Amino acid sequence: MKLRSFFKKPLSLILAIGLCFSCVKDTDFEQYDTLTINPIMEVSLVKAQEPASSFVDSSGNQLSSISDQVVLDVFTSDFVIDNLIKAELVFGIANSIDNAFQIQIDFYDSTDMLQHTFSIDVDNSPTNTPLYTEHIEVFENMNLSALKSTTKLEITINLISSSGSILTPDSAGSILLASKGIFYLKISS
Amino acid sequence: MKWLLFLGVFMSLHSQNKQLLYGFKEVPQQLHLNPGGQVDYRGYSGVPLLSHIHLNAGITGFSAFDIFADDGRDFNQKIREVSYSMDSKDFVVVNQQLDIFSAGFSVNTSLEDKLFVSFGMYQESDIFSYFPKDYAVLANEGNHNNLNRLFDLGQLSVSAEVLSVFHLGVNKKINSKWTLGVRGKVYSSIAQVSSTDNIGSFITIPGANNNLKHVFDLDMKLQTSGISSLREPNASNELEVLKKRLLFGGNLGVGIDLGFTHQPAPEWTIDASLQDIGFINYSKDIKTYILDGYLEYDGIQSVFPQIVSGQTAQDYWDEVQKDFEDLVEIDSTTTSYTKWRPIELNSSVSYNFGRKLDKECNCLDQSDPAFQNRVGAHLFAMKRPNHLQWALSLFYYRRFYKNLQLKTTYTVDEFSFTNFGLGISAALGPVQFYIMADNLLEYQNLAKSQSVSLQLGFNYIFKNNEN
């Protein structure tokens, strides 16, 4: 009997440790539901490098503007619509042409309705040294909804003909455009 | 699927170290850890499905309590702190074993010579993953403020497997000093998933023609076996398929365990074993997914069609889109592959002392001449994809009666420096029960524990006649 009672003790001790006292305390696993991450992604956007001669047509006459457009479905994707909370489009322009420009960016939705537009004024460079202009367009609230319905981007470079010299095929300088988007995401569990 | 769920429940609860069971002479399942362990019974039979139940879960770097504590602190802040305090060498491991049956008996090969033969079958699940730190940083911060930082996408290293193992071992006591053993194994892999040899990176650097240039370099692979047929919508009789795989119908492999026990003097014991020196050849129901590509992207070139006719930014955008699609395009193959089992090493040195004295005659109690105490040190090591997992234990073994033995351990490993364990083996007549658990200090709140290991089982022991 002595043996049996002895062996009961450590056995019950183990069972007690294993079953009674083992527990998971002071925790709240439902906190998982509040999991969010806020990554900020920087992505290259449009780039352009145009010499002064680009603004002259085949018969040597100065053009009033040049433009290009892109149809894209990135901004209307489910991921962007659900998770994008703010965006900044950062444009950097280096102009060494002796002509002022206005760069205009238009945002159209799938029915070709203009959703958003902005323009950047670029001074002429009389000495053909690069002049730098930076513009940051911030998309929040209403603007952000406009961005999220955009399926077409149009970029137009307008010449301000009253400025600088008239451009010919031999005019010096070029206009460089660099851009990136900074996208603030909020991704929830 | 029910079976997978069932296994999943088992898996959800394990580090493969069994410091309490190793060298615990009275428990026959110690032969699974060292086929060259000492045996002093005629035979045993494990109670089917109950002879060895083992669960072990471990995580380095943090405990569930660190993030799920109900302390009013911001959960996302805690997640960030934990993920930043960890690195890509941290890992999580879950291991579960269940003896389906096991038995052993001694065979007289001659009048003097005896062999102990043991055999059985067990089911095992294993999940192992390193912490992909760079993924966590990228997910938390994005590439903003991380220009020129190389995100190592090769940090993704994860594997999971469910398999059954049939084994047959022989154990021979050569003389009073040496016992040797070897165990042959046939593995049948029920399902296996692994993505371990990945190479890949993502970096954002200042561009020449634009503010930024993004460089993606991917060479990633996910190997699966036994999964794709179960995922087919018309997969019927999953239970039957899984049962068949459990019984050698899966992807097969072979391996051996080797071990010895050496007693240079009755007081001293040195033993060691190598387990799972073997491989599995995966050839059935294979699906390997490959992500292989390189891309540099610095923006969409605007070309202004008034100038160069024929091409517009649209063409560039379409090209960029296609490049990205190609980059993330996943190829799949069904080529067979072979994987080595994660080899394990166990070794210990111990000192035996304190024989039982008969009070009446003040001489050695001939009915129980064994040493009553044993102290020693035990080393465990296991091969993981990128490192060697290890544990070092000090142990004290105490034999109270022929029917009751206890072992306590203090273990230092990658999970903690305060791991105390207790194991007990008790016999009622021929029926033996054992239970072993470590990290006892943490049982008051399992959430604070970084690892938990538990083994228990029932055996029917055929004692030696002289016992």
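This briefing covers the overall form of chain B, its contact with chain A, the strand pairing, and two asparagine residues in a loop. The model is predicted. Chain B holds 7 helices and 24 strands, and 53 of its residues are in contact with 47 residues of chain A. Strand pairing also links the two chains, through β3 of chain A and β13 of chain B.

**Chain B as a whole**

- Chain B has 467 residues, of which 38% count as buried.
- The C-alpha trace of chain B spans about 115 × 50 × 40 Å along its principal axes.

**Contact between chains A and B**

- On the chain B side, 53 residues are in contact with chain A, where 47 residues take part.
- The element that gives the most to this side of chain B is α4(B), with 4 residues.
- By class, the side of chain B that touches chain A comprises 29 nonpolar, 20 polar and 4 charged residues.
- Strand β3 (residues 46-51) of chain A pairs with strand β13 (residues 300-301) of chain B in the parallel sense, over 2 bridges.
- Within this pairing, V46(A) has I300(B) in β13(B) as its bridge partner.

**Strand pairing around β10 of chain A**

- Strand β10 (residues 174-185) of chain A pairs with strand β2 (residues 40-44) of chain A in the antiparallel sense, over 5 bridges.
- For E42(A), the bridge partner in β10(A) is I182(A).
- Strand β3(A), which also pairs with β13 of chain B, is joined to β10(A) by 4 bridges, and β3(A) and β10(A) run antiparallel.
- The bridge partner of P51(A) in β10(A) is S174(A).
- Strand β5 (residues 84-95) of chain A is joined to β10(A) by 11 bridges, again with an antiparallel course.
- Opposite I93(A), in β10(A), stands L177(A).

**Two asparagines with positive phi in chain B**

- N145(B) is found in the loop between α4 (133-141) and β5 (151-152) of chain B, and N148(B) lies in the loop between α4 and β5 as well.
- Although N145(B) is not a glycine, its phi is positive, at about 65°.
- N148(B), likewise not a glycine, has a positive phi of about 70°.
- N145(B) counts as exposed because 9 other C-beta atoms lie within 10 Å, and the class requires 12 or fewer.
- N148(B) is exposed too, since 8 other C-beta atoms lie within 10 Å.
- The helix that precedes this loop, α4 of chain B, is also the element that gives the most residues to the side touching chain A.

Key
Residues numbered from 1 in each chain as written. Chains lettered and ligands numbered in written order. Predicted model: local features only at pLDDT ≥ 70, side-chain atom pairs only at ≥ 80, totals over all residues. Buried ≥ 20, exposed ≤ 12 C-beta atoms within 10 Å, placed from the backbone. Contact = placed C-beta atoms within 7 Å. Nonpolar A, V, L, I, M, F, W, Y, C, P; charged D, E, K, R; others polar. Pairing = 2+ DSSP bridges.
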